[in-house]
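This report walks through selected local features of one protein chain. Helices come first, then charged pairs, cysteines and a stretch of surface.

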Amino acid sequence: MRRVSLEDKYRAEGGAVYLSGTQALVRLLLEQQWRDSRAGFNTAGYVSGYRGSPLGGVDFALWQAEALLKTAQIRFEPGLNEELAATMVHGSQQVGAIGGARVDGVFGLWYAKNPGVDRSGDALKHANAAGTAALGGVLAVSGDDPGATSSSIANQCDHAFISASIPVLAPASVAEILDYGLVGYGLSRYAGVWVALKTVADVIESSASILVSAMRTPLVLPSDIERPASGWGMRWPDSRWDQDARLLGQRLPAARAYARANRLDRVVFGAARPRYGIVSAGKAANDVRDALSLLGIDAAAAESLGLALYKVGIVWPLEPLGLREFAEGLDEVFVVEERRAIIETQVKEQAYHWPAARRPCVVGKTDEAGAPLLPEGGVLTPALVAQALGRRLARLGAPAELVQRAAAFGVPASQPPEPELIRSPHFCAGCPHARSTRVPEGSLAMAGIGCHSLRLGMPDAKTMFMVQMGGEGSNWLGAAPFVERGHVFQNLGDGTYTHSGSLAVRAAVAAGARMTFRILYNGAVAMTGGQPAEGALTVGQITHQLRAEGVARIVVVSEEPRRLSGGVAPGIEVFGRDDLERIERELREVPAVTALVYDQLCAIEKRRQRKRGSLVPIAARVFINERVCEGCGDCVEQSQCAALLPVDTAFGRKRRVDQSGCNADLSCLDGFCPSFVTLEGARPRALPAAELELTDVPDPILPPLREAGEIVVTGIGGAGVITVGAIIGMAAHLEGFGCSVLDNTGIARKGGAVSTHIRLAEHPGELHGSRIADAQATLMIGGDLVVSAESATLAKLERGRTRVVLNADAVPTLNQRLDPFAEFDTAPLRQAVVRAVGDDSILALSATVYAERLLGDAIYANLVLLGAAWQRGTLPLSRAAIGRAIELNGNAVATNRRAFDLGRLAAHDPARIDTALAPSTAEHNVLAENLDGRVAQRVAWLTAYHDEAYAQRYAARVATVRAAEAGCGVAGDALSCAVADGYYRLLAIKDEYEVARL
C-alpha cells in the first residue's frame, strides 16, 4: 500500500497523485511557477473568476492551498462577477507596460461556468485583442453544462470563445487539465492570445489517480513561422486597428502552428493505415473509446476494420496540416462532438479544397443525406455513439455481429418501464427560503438564480419564470404595461444582489415600476457550497444602498431582529419572521419599487458552524408524539421542512421529525398541533450496543479487479454519497490502481438525486472516461431506493454482471413530504431493481435504521452500505486501504470506521444486529389481526394511559355495537372494527389542554 499524504497532490514532483479536476487547476498554477523558476524567470500568478457548477469548487480548492500559493507568488482574488474578474486578469498582463514591475511577468487564470463566459463577452474580446505578456499568459477556464444539470439552460462555451477569437483546448481527463493547461500557457505566451480550457462535469468534477512529473517534455516553438522579436502580445501604445489585424492575421495562425509543433492533435487509437477515421475531442473522445469497447472493437479489431481515432486537442482554430495528413484519402470521417458542431464544420471547410478523389465523406451531426446522426442537444453518451457508429460501419461491410450489437443500443426494453418517482431537489431542513419565498394570497412572485429557485419545482403556482443572473425583475418591466396585474414580488439572493442584481433594482426604480424586491440574505452562496458572497455586504449596508437607489419603502424581516438594531439605514423598520405576510401585504399596495430584506442564515451553513463550534449548539429538539399526531400535514404546510417525514403506523399515516436532518428552524411549531414535544438541551444518541462485537467478522475473498471495477453509488444530495466515492477512490489510489471518481450532483445536492461513478483499472492510462457506460456496472451501492430505481440508473445495470447492495429504508420524495395523502409504495422500486439484476444479486439492509439507532445519525448509512458491499466480496480493495482512506478523509473517523464495520456485520450475521435493536417500542404499533385481539390491546393501552374504568368504558361500547351488529344478521364485523378504531382514537392519548384550546 502506498504511503500517501493529502499534500502529495500539490507537493509531489513525480509519481502518482490523487486529485480532483479543480485541484488539478491549483497544481497547474504551481507547476507553471516551478517551470518558470527552473528557467530562471521571476514570475507570479494571478487568479480571479466567479464560481458556478461545474466549477463551483475552484475557490475552495484555491483557499485550501493558500499557503502554498502564497509561497509561489500566486494571488487569488475572487471577482465580484465574471466580467469584472476577466478584466482583473486582463490587468495582470499590463504589468510590464505600466512600469516598475516587481516580476518578469504574471500568468493569469480566469474561471467561470458557461453563462459567465457569455456575460463576459466584451471583456474577453478586449482582453484577447490587447494580448498577453511574453512571460505572462492567460488561461480562461470554462465549465460547460450541456445537460443543464445545474444551469437554467443547457450551454456550450465554444461559440462564445470563437466570437472573441480565443483558441479553445478541450481536456478529456484530470491528467489533461495539467497537460493541456501547461501547453495553454506556452501557447498564450507564444501567440499572445488568451487560451480557453473547456471543461465539463465529467472532467472537472471527477477525481483520479494520475501520474505527474516535474520534468515534463519541453514545449516546442514552431520552426515554420517567424515570430517578431517583440512578440505578438501586449504592447502600449497599441491602436485597436493594429490589434485586430495582428490577432486575425498573425496570432491565430501562430496558435495553429504552436498546436502543430506540440502535437496537440494526434492519432490515439486504431489502424496504422486506416480507411475509416473518427475525429473527436475532450469528453466526446472518451465517449468514443467507451463506445468502441461496447462494440467489442479492441486494437486488433480496429486494425482489421481499418479504423482509427484522431483526437483533437485544440478544437478551434483546427490545425489543418495534421488533419489533412490523417484524413485525406479515407473513405469517411465521422466527427463525434457534444452539442452544436465545431470541429465538423472546420473539417468540411478544410476538406473542401482537397482533391475530389481523396476527399472523404464527412459526417457528424447529420449523415451525407442530411438525416440526424448524433444529437445537437442533451448529453452525449457512449451508447449513442456506439449506435451511430455501428450504422456507419455497416456501410463498410463491418461484421454482422458488430452491427447487431450496435443496433441493440437503440432498441427499447421489451418490458414497459414502471412510472418512476422523481427525487427532486428541495429546500434543506430549516432552509430560510422555505418561509421567505412564500407569497400572500392573490400575489405572484418571480424566481431567480440561487437556491430559492427550488420554489419553481414545488407545487406552488404563485412563483414563475427564470431569467439570467442579474436580470431578476427586469422581465416584469417589459410585461407590466400589458397586463392587468399591478404588482409582483421578485426573489433575489444576497450573492446575486452583489454580483449584478443591484442594477436590476436601479432599473426598476428608473422605470417607475411597481414591485417588491425580496432580497434573501442567507449569508452564503449556498448553491455552490456555502462560499461567502464577494464584498460581504451586511444587511445594514444593503439597506443604505437601497435607500440611495430611491427605493420607496424598505423593510427588514429577520430571524433575530435584535441583532440588527442600529445597523440599518435610518427609518428602516425591522420585524420578526412572524410579521412576514403582513409586511408583504402592505408592500404590495405601495405604488412604487419597494424592498424586503429577509435575514436568516442558511441552514446548512448553520450546521457547519455548529460542527466547527462557531455557532452555539441546537438548544431544543422537537419530537412528534405519533399517537397524538393526526397526520394532517399542517406542520409541513407551516414550515415546508424536509425533516418532517411521513411515517406509516398501525394507526394510519403520521409525521415524524428526522433528527439527523433537523436544523432546528422550529417553523414546524407555528401550527397549533398538540402532538409536538420540545426537549430543551436534548441530543440525539445511539442505542447502548456496546455488546455488539464488530471485530470478529472474517474477511471475504476479494474479487479480481477486472471483474469489479465499475461501481455506481446512488443516494440523496447531502447524505454522504460523495464521501463514499472519495473513500473508494483514495483506497484504490493507495493500492496503486488507476481510478476515476465522478460525482453527478449539480443542484441535486439539495436533497435531489445524486450518483457517483467509480472506475478502477490496473493503470491510470487504461481509463478513458469517468462515466460508466450502460450495462457496465459491476456493483451498485444503492443509498436511496428511489434514485436506484430511476431509468438512468437501471440502464447501468446488467443481469449476471451487476451486484447490488441496497438500502431498504426508503426516504419519501418531495411530493410525499408535502402531501400527507400521497402514496409511497416502495415495492415497484424494489421490483425494478430485481428485474434489472435478479433477486439473488441483491443484498438489502436497513442501513438508515442501523445508522440512526446504533450510530446516532443517518448520515453514516452509506458507510454501512460500503462495509456490507466489501464484506460481500464485491470490491477489489483491501480493508487496510479503505481504513486508511477513511482516516485521510478526516471527518468523524472513529464513527465512520464503526459504520463500515457495522455494514460488514450486517452482511455476515444480520441476526446479531437485530438482537441489538430488539429493545424497541415498535411492537406498540403492531395491531392484533382480529377484533378480540385489538380490543384487548387497546384496553391495556387505555388502562396505562388513564385507568381501568376508562378502558372498560371503551370495551363496553365496542361490545354493545358488536352485539347489535350480530343481531342484524350481517356477516362479518366491519362496523364493530370501525367503532373499535374510531372510539379508541377519541379516547386515546392527547394533549387535553391544547385540544381544548383548539
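The expected span of a helix is 1.5 Å times one less than its number of residues. The model shown is predicted.

**Two helices**

Helix α17 covers residues 382-394. Its 13 residues reach 18 Å from the first C-alpha to the last, close to the expected 18 Å. Buried positions in α17 are Pro382, Ala383, Val385, Ala386, Ala388, Leu389, Gly390, Arg392 and Leu393. What covers them? The cover includes the strands β10 (276-281), β11 (307-312), β13 (332-336) and β14 (361-363). Helices α13 (282-294) and α18 (400-408) are also among the covering elements.

Helix α32 spans residues 861-871. How many of its residues are buried? Eleven of eleven are. The list includes nonpolar names such as Leu863, Val864, Leu865 and Leu866, and also Asn862, Trp870 and Gln871. Gly873 follows α32, with a positive phi near 75°.

Gly856 sits before this helix, in the loop between α31 (847-855) and α32. Leaving out residues up to four places away in sequence, Gly856 touches Pro684, Arg685, Ala686 and Ala851. Gly856 also lies 9.2 Å from Gln659, C-alpha to C-alpha, with their positions 197 residues apart in sequence.

**Salt bridges**

Side chains of opposite charge can pair when their charged atoms come close. The count for this model is 58 salt bridges. Three of them are set out here.

| Pair | Closest N to O |
|---|---|
| Asp179 and Arg216 | 2.6 Å |
| Asp665 and Arg577 | 2.7 Å |
| Glu581 and Arg585 | 2.8 Å |

Take Asp179 and Arg216, whose side chains meet at 2.6 Å. This pair links distant parts of the chain, 37 residues apart. Asp179 belongs to helix α10 (residues 174-191), while Arg216 is in the loop between β8 (206-213) and α12 (240-261). Asp179 has a relative accessibility of 31%, so it counts as partly exposed.

The Asp665 and Arg577 bridge has its closest N and O atoms 2.7 Å apart. Here too, distant parts of the chain are joined, with the two positions 88 residues apart. Asp665 lies in the loop between β24 (652-657) and β25 (676-680). Arg577 lies in the loop between β20 (573-576) and α23 (580-587). Are these partners buried or exposed? Asp665 is buried, at 14% relative accessible area. Arg577 is buried too, at 15%.

Glu581 and Arg585 form a local pair: both lie in helix α23, four residues apart, about one turn of the helix. Their side chains meet at 2.8 Å. Glu581 is partly exposed, with a relative accessible area of 43%. Arg585 is partly exposed as well, at 33%.

Salt bridges also join into a network, made of Arg553, Glu573, Asp579, Arg582 and Glu586.

**Cysteines**

How many disulfides are there? A search of the whole structure finds zero. A disulfide needs two cysteine sulfur atoms within 2.5 Å. The sulfur of Cys641 has its closest cysteine sulfur in Cys662, 6.2 Å away, so the gap is too far for a bond. Cys668 is in no disulfide either, and its nearest cysteine sulfur, that of Cys641, is 6.4 Å away. Cys641 is buried, with 17% relative accessible area. Cys668 is buried at 13%.

**A nonpolar patch and its surroundings**

Phe623, Val677 and Leu679 make a nonpolar surface patch of about 220 Å². Phe623 lies in strand β22 (residues 620-624). Why does Phe623 count as partly exposed? Its relative accessibility is 33%, and partly exposed means the range between the buried limit of 20% and the exposed limit of 50%.

Thr678 lies in strand β25. Thr678 counts as partly exposed, at 36% relative accessibility. In sequence, Thr678 and Phe623 are 55 residues apart; in space, their C-alpha atoms are 6.3 Å apart. Contacts of Thr678 are Ala620, Arg621, Val622 and Leu669, not counting residues up to four places away in sequence.

Key
Residues numbered from 1 in each chain as written. Predicted model: local features only at pLDDT ≥ 70, side-chain atom pairs only at ≥ 80, totals over all residues. Heavy atoms only, no water. Patch = residues over 30% accessible without salt bridge, like charges linked within 9 Å, V, L, I, M, F, W, Y side chains within 5 Å. Areas by Shrake-Rupley, 256 points an atom, 1.4 Å probe, with all protein chains shown as cover. Salt bridge = Lys/Arg side-chain N within 4 Å of Asp/Glu carboxyl O. Buried < 20%, exposed > 50% of the residue type's maximum accessible area, 1.4 Å probe, protein only. Contact = heavy atoms within 4.5 Å.
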